[in-house]
Amino acid sequence: MRTAKYQSMARAGAAMLLLAIGGCATMDREECLTVDWRTVGFEDGAQGYSGDRIGQHRKACAKHGVTPDLTAYQEGRAQGLREYCVPANGFRLGSQGGSYAGLCPSDLDQAFADAYHSGRQLYTLESRLSNVSHQLDSRRSDLRAAESDIVTRSAVAISSEGTAEERAQAVLDVKNLGERVGRLKTQIRQLEEERVHCERDLQDYRATLNLP
C-alpha cells in the first residue's frame, strides 16, 4: 500500500544506496585472508547486490590464493536480502530510476515490487517534466538567438555600406529567420501546454503517495 512512510523510510535507505553504488568491488589481501564470508554475504544482500557480486570477490581473492566459502556467503546473503527487501527500498530504487531484477525472496517480492513500481512511476513523471522543461528552455534560447539575428541581418539589409548581393542575402536571411521564429513560437506554446499537463500529472500522483 502506498503511504507517506515510503518517504521517510526512503531517506533512511539513502546511505545504503550510496554504499551499494560507491562501494569497492574488490577486497585486499588482509580482507581475503580474514573475512567471514557469511558476514560478507549478509552485507552484500543488505545492500541489494545481485548474485554475481560473489564473482567480484572471487576474482579479487584469487590473487591471494583464497577461495570464497560459497555456502556461507549465500546463507549470509539470503539473510541480508531480507533486510534489503522492504517496501521503502523498493520505492527508493524505483524513484531513482533503478532497475529491479526480482532478487527478493518470494514472500517479500510482491510488496517490494509494488513499492518499486510506485517509485518508478514517480521517476517517470518527474523525468517527463524535466525533459519538457529542458526542451522549453532550449527553444526559448533559440528564439532569443533568432530574434537577435533578425536585428543584425536587418541592419545589413538596409545598410548602404554593403554590396547589392550582401543586402539581398541579408533580406533572404531575415525572411528565413522570421519563419524560424514563427516555428519556435509555435513549439514554445505547445511545450508550455505540455509542461502544464506534466506538472498536473506529477502533482496528482504525488498526492496519491502523500508526498509533499
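A disulfide is taken here as a pair of cysteine sulfur atoms within 2.5 Å. The structure is a predicted model, and by this rule the count in it comes to two disulfides. With the bonded cysteines counted along the chain, the pairing follows the pattern 1-2, 3-4.

One of the two links joins Cys-32 and Cys-61, whose sulfur atoms are 2.1 Å apart. The torsion about this S-S bond is -85 degrees, and the link of Cys-32 and Cys-61 is left-handed. Cys-32 is located in helix H3, which covers residues 29-34, and Cys-61 in helix H5, which covers residues 53-62, so the disulfide ties together parts of the chain that are 29 residues apart in sequence. Burial was assigned with a cut-off of under 20% relative accessible area. Cys-32, at 3% relative accessibility, therefore counts as buried. Cys-61 has a relative accessible area of 0% and is likewise buried.

The other link is formed by Cys-85 and Cys-104, with a sulfur-sulfur separation of 2.1 Å. Its torsion about the S-S bond is about -95 degrees, so the disulfide of Cys-85 and Cys-104 is left-handed. This pair links distant parts of the chain, 19 residues apart. Cys-85 is in the loop between helix H6 (70-84) and helix H7 (87-95), while Cys-104 is in the loop between H7 and helix H8 (106-158). Both cysteines of this pair are buried. A further cysteine, Cys-198, has a relative accessibility of 2% and therefore also counts as buried.

In soluble globular proteins, nonpolar side chains tend to be buried together. In the present model, the largest nonpolar core contains 18 residues. The members that touch the most other members are Phe-91, Leu-122, Leu-143, Ala-146, Leu-202, Tyr-205 and Leu-209. H8 and helix H9 (164-209) each supply at least two residues of this core. The largest share, nine residues, comes from H9.

The surroundings of Leu-143, one of these highly connected core members, were examined with its neighbours within four places in sequence left aside. On that basis, Leu-143 is in contact with Val-181, Leu-184, Lys-185 and Ile-188.

Another core, of 10 residues, lies apart from the largest one. Its members include Tyr-100, Leu-108 and Phe-112. Cys-104 is also among them, and this residue is the disulfide partner of Cys-85.

How values were computed:
Residues are numbered from 1 along each chain as its sequence is written. This is a predicted model: local features need pLDDT of at least 70, side-chain atom pairs count only at pLDDT 80 or more; totals for chains, interfaces and linings use all residues. Side-chain values use heavy atoms; hydrogens and water are left out. Helices (H or I, at least four residues) and strands (E, at least two) are DSSP runs, numbered from the N terminus. Buried means under 20% relative accessible area, exposed over 50%, partly exposed in between (1.4 Å probe, protein chains only). A nonpolar core is a set of buried Ala, Val, Leu, Ile, Met, Phe, Trp, Tyr and Cys residues joined through side-chain atoms within 4.5 Å. Contact means heavy atoms within 4.5 Å.
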